Amino acid sequence: MRLKSKDILGLEEMGADEIELILQTATSFKDILNRPIKKVPTLRGRSIVTLFYEASTRTRTSFETAAKIMSADTSSIAAATSSVVKGESLKDTVLTLQSMRPDVFIIRHSASGAPHFIAKLVPSSVINAGDGMHEHPSQGLLDMMTILENKGKLSGLTVAIVGDILHSRVARSDMWGLAKMGAKVRFVGPKTLIPPEAAKLPVEVYTNLEEGIKGADVVNVLRIQLERMKKGLFPSLREYSQLYGITNERLKAAKDDVIVLHPGPMNRGIEILPEVADSSCSMVTTQVTNGVAVRMALLYLLMGGSEDVTAS
Amino acid sequence: MAEQRSLVMDADEIRRALTRVAHEIIEKNKGAERLAVVGIRRKGVPLAERLAALIGEIEGTKVPVGILDIALYRDDFMTKQSAVGQTDIPFDVNGRTIVLVDEVMYTGRTVRCALDALMDMGRPASIQLAVLIDRGHRELPIRADFVGKNLPTSRKEMVDVQLKEIQGEDKVFIQKSEG
Amino acid sequence: MSLLLKGGRMIDPSQGLDKVADLLIEDGKIAKIGENLNADETIDVSGKVVVPGLIDMHVHLREPGFEYKEDISTGSRAAAAGGFTAVACMPNTHPVTDCKSIVEAIRRRAEEVGLAKVYPIGAVTKELKGEEMAEIADMIEGGAVAFSDDAFPLENSGLMRRVMDYAGMFGVPLILHCEDTSLSDEGLMNEGITATTLGLKGIPRESEEVAIARNLMLARLTGCPVHIAHVSTRGSVEIIRRAKEAGVNVTCETCPQYFSLTDEAVKGYDTNAKVNPPLRTADDVAAIKEGLADGTIDVIATDHAPHAIEEKDCEFAVASSGMVGLETALGLVMTELVKPGVLSLTDAVEKMTATPAKVLRLESGSLQAGKAADITVIDPEAAWTVDPSKFHSRSKNTPLGGRKLVGKAVLTIVDGRVVAKNGEVMA
């Protein structure tokens, strides 16, 4: 079976069967990371352009590593943007790069919908590495893979996502993916950081941390940014930490075998205490490894030929 | 389009062929020391397990078995996409004598992929190839060291190996498609 | 030279007229409406509806300064093709229309073009900066028919009160774009589940409603005639309804997009659906229709806002806000309001003729004898599909491409001259 679209723009529109295919494929790829020679020739000579309009070391490096392990060639463009400065338009940048005929564009941009705009513009595949407040599909997939490895299933689990949901594309991708696979998703955070009409999404909304993580199998802790405090969305990091910071004590409300995820980078001491971040229930380093595996799987599934082959 | 199936090996014939191949492997390698058997997904895997068990019984040792998925090494990725399965080599490849096992050898391309994949995992002392059926029509200069049965076929025919572990019974069919 | 429109259904809300008759035009004026009349030239309009020339009191012609989007010539052509014989144009030009000389320049240019009549709306504050009042009396003398802060809402209540006190002296309406920018706060579309799903910052309805409430209280205090622009929400309609019941001197308008589209039109990040005020929900659309039906909403205007291709062919966040409307307005009114029975044809026509004329204190919007022969002939059964590539406007930014509509202007007459016929503009 194949992916239905030439692009990976979000998990909202993806079918449960496609998600399963990606997770299965990623599991097969993960073993390559344990080999001495981390190289397979599958994408030899194919070209991948990463176009990051927002600073990001981990996601960009993860995609580049994935591409290189598969023997693809990568070019990386880090563009600084400001909505005030009118430099070359996104459209012109992409069309210029397209004329060098890359197979895949990987784009991160602060404007929701930017990957959709580009996907209509070029015949190459486009992978959304994070657009504004909209989605971050590869992160959603690696989160699901981490949960699946640990719990053996996704259906029926309770997953609590805690923090600045409003600005989090990770939270949204997690929500779409997990809901599709039958998990129960909760958004937990102050009202000012919960998106409008969130109750209409496939989630339960909580503003109280303890109630929100009660009985949860998974707690995904989001990073809180200082800029949000400056915008008056909550009074101080201290108060945020007191109300929503994840500590071992607070975690007792969740299931005994709860696992903790974090998309990184962590603000140790604010949204998550070191005692939790470094504990055995923290899956943060596994997430990073799974990130490379998931991204390899995405590149493989997007760039393969059109016919299906079953190994006999 | 009429399809004619004819049985070319039954369960007993398969069992005898595998037993003979196991003995040949032991003889060629003067024992089972440093030996490992790696099955090429999918059907090569149960055959590899059977061979490893047979060799182990004869020599009184345990022979390690590995599973090799060659999807990522195929040379037809641009036109075809195959599902990627698990590769599991639970032993150190370096310095080992590896016997690759597949159920049918045809063009030789699958074995070429398997050789590349194994080499990326380390440096075996040597690689040997055991196949249940060799049906001819090689497109690459590759030959099997151990063959269960030589089966001359035409390109229009299909060789269908059915194994107890997968299809419930051991049988080898040739299928002729007309038209 | 006399021209006869023969056998059409004459609808003139200004005189309560609705009958099949002939209409005689002489020397650019309406001579009479009667039976079996004769003239030098006759046009058969049987089966068609003949109404006073449509007036669009909220249009952006972009000249001076933004001619790459539209200018008085292309805008007038778009108006004529859409069946409009008059438009009132907003002051957010460059330089801003904040003084008599620019008002006069716009009028002169429009006369040169000689298609739709153009009535300039002057800026309320100099350069639309919201600091100092512009020369209102001087602009009235130059021909400005109203004043507006359009797209640059006057948020300082003290200044708004003073402006209302001053402008109110002249009896000329203040057209207010009501928005609390600290609530809309760089939002990109209506706040709600669609915005949340798309990851776009939302503009809450309250941003419009809070501003309308404040403006109407100040209007009541000062007695200044106030016209609320582009009403888009249920709450706004309710506030205006109550204010009218309380005797506040207020009129208001809505635009076809607010009764024809919802925020779901943004799905897929269609920048053509990016407009301010944003497209709202189905419930708001229902409320707008109710407001039109019960008379709370007085006028239908377009807020025709042309933008160039590069201003829309980009990421949603940086796209300009606005859609063109002159060439789709009549079709939407007929299809979304008249056909389904939300408004009678007469009431719909009134909101595009007699009422805007009354608000702007114009001598038009009527088929009474002696008035200028500004006339629109409508084919109420004409089925057509919106094709932006065929627009006369220089810009084609609309989310309605491909929409099937029923009802079109087949003849547009200004001062007795045919300026558009079957979608073709003369000269």
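The following paragraphs describe a predicted model, moving from chain A and its contact with chain B to the domains and individual residues of chain C, with one peptide bond of chain B in between.

Chain A is divided into two domains. Domain 1 of chain A covers residues 16-135 together with 288-303, whereas domain 2 of chain A covers 137-287. The centres of these two domains, taken over C-alpha atoms, lie 25 Å apart. Where they meet, 22 residues of domain 1 of chain A are in contact with 19 residues of domain 2 of chain A. On the domain 1 side, the elements that give two or more residues are H1, strand S4 (125-131) and helix H12 (284-303) of chain A. H12(A) gives the most to this side, with seven residues. By class, the domain 1 side that touches domain 2 of chain A has eleven nonpolar, seven polar and four charged residues.

Helix H1 of chain A deserves a separate description. H1(A) packs with helix H5 (residues 137-151) of chain A at an angle of about 70 degrees, and their axes are 10 Å apart. An angle of 65 to 115 degrees counts as roughly perpendicular, and H1(A) and H5(A) are therefore roughly perpendicular to each other. Their crossing is right-handed. H1(A) makes the contact through A:Ile22, A:Leu23 and A:Ala26, and H5(A) through A:Leu141, A:Met144, A:Met145 and A:Leu148. This contact of H1(A) with H5(A) has seven nonpolar residues, with no polar and no charged ones.

The contact between chain A and chain B takes 22 residues from chain A and 22 residues from chain B. On the chain A side, helix H1 (16-30) and strand S10 (307-309) are the elements that give two or more residues. This side of chain A has eight nonpolar, eight polar and six charged residues. H1 of chain A thus appears in the description of the contact with chain B as well as in that of the contact between the domains of chain A.

In chain B, attention turns to the backbone. Most residues other than glycine have a negative phi, and most peptide bonds are trans. B:Arg41 and B:Arg42, however, are joined by a cis peptide bond, with omega about 0 degrees. B:Arg42 is found in the loop between strand S2 (35-40) and helix H2 (44-59) of chain B.

Chain C is also described by two domains. Domain 1 of chain C comprises residues 2-49 and 372-425, and domain 2 of chain C comprises 52-359. Their centres, taken over C-alpha atoms, are separated by 25 Å. The contact between them takes 35 residues from domain 1 of chain C and 45 residues from domain 2 of chain C. On the domain 1 side, at least two residues each are supplied by strand S1 (2-12), strand S16 (375-385), strand S17 (404-414) and strand S18 (417-421) of chain C. The largest share of that side, eight residues, comes from S17(C). Divided by class, the domain 1 side that touches domain 2 of chain C has 19 nonpolar, ten polar and six charged residues.

Several loops of chain C hold backbone features of their own. A cis peptide bond joins C:Asn276 and C:Pro277, with omega about 0 degrees. C:Pro277 is placed in the loop between helix H9 (257-260) and helix H10 (282-293) of chain C. C:Glu127, although not a glycine, has a positive phi of about 55 degrees. This residue lies in the loop between strand S8 (117-123) and helix H3 (136-142) of chain C. C:Glu127 is partly exposed, with 15 other C-beta atoms within 10 Å. C:Asp303 is likewise not a glycine and has a positive phi of about 50 degrees. C:Asp303 is found in the loop between strand S15 (299-300) and helix H11 (309-312) of chain C. A residue is buried if 20 or more other C-beta atoms lie within 10 Å of its own, so C:Asp303, with 29 such neighbours inside 10 Å, counts as buried.

The last residue to consider is C:Ala229, in the loop between strand S13 (226-228) and helix H8 (234-245) of chain C. C:Ala229 is buried, with 26 other C-beta atoms within 10 Å. Leaving aside its neighbours within four places in sequence, C:Ala229 is in contact with C:His58, C:Asp150, C:Ile175, C:Leu176, C:His177 and C:Glu253. In addition, the C-alpha atoms of C:Ala229 and C:Cys252 are separated by 6.0 Å, although these residues are 23 residues apart along the chain.

Conventions:
Residues are numbered from 1 along each chain as its sequence is written. Chains are lettered from A and ligands numbered from 1 in the order in which they are written. This is a predicted model: local features need pLDDT of at least 70, side-chain atom pairs count only at pLDDT 80 or more; totals for chains, interfaces and linings use all residues. Two residues are in contact if their C-beta atoms, placed from the backbone, lie within 7 Å. Helices (H or I, at least four residues) and strands (E, at least two) are DSSP runs, numbered from the N terminus. Ala, Val, Leu, Ile, Met, Phe, Trp, Tyr, Cys and Pro count as nonpolar, Asp, Glu, Lys and Arg as charged, and the others, Gly among them, as polar. Axes are lines fitted to C-alpha atoms, for helices over the stretch in contact, and angles run from 0 to 180 degrees between N-to-C directions. Angles under 35 degrees count as roughly parallel, over 145 as roughly antiparallel, 65 to 115 as roughly perpendicular and the rest as oblique. A crossing is left-handed if the near helix is turned anticlockwise from the far one by less than a right angle, and right-handed if clockwise. Domain bounds come from an automatic or database domain assignment. A residue is buried if 20 or more other C-beta atoms lie within 10 Å of its own, exposed if 12 or fewer, and partly exposed in between; C-beta atoms are placed from the backbone.
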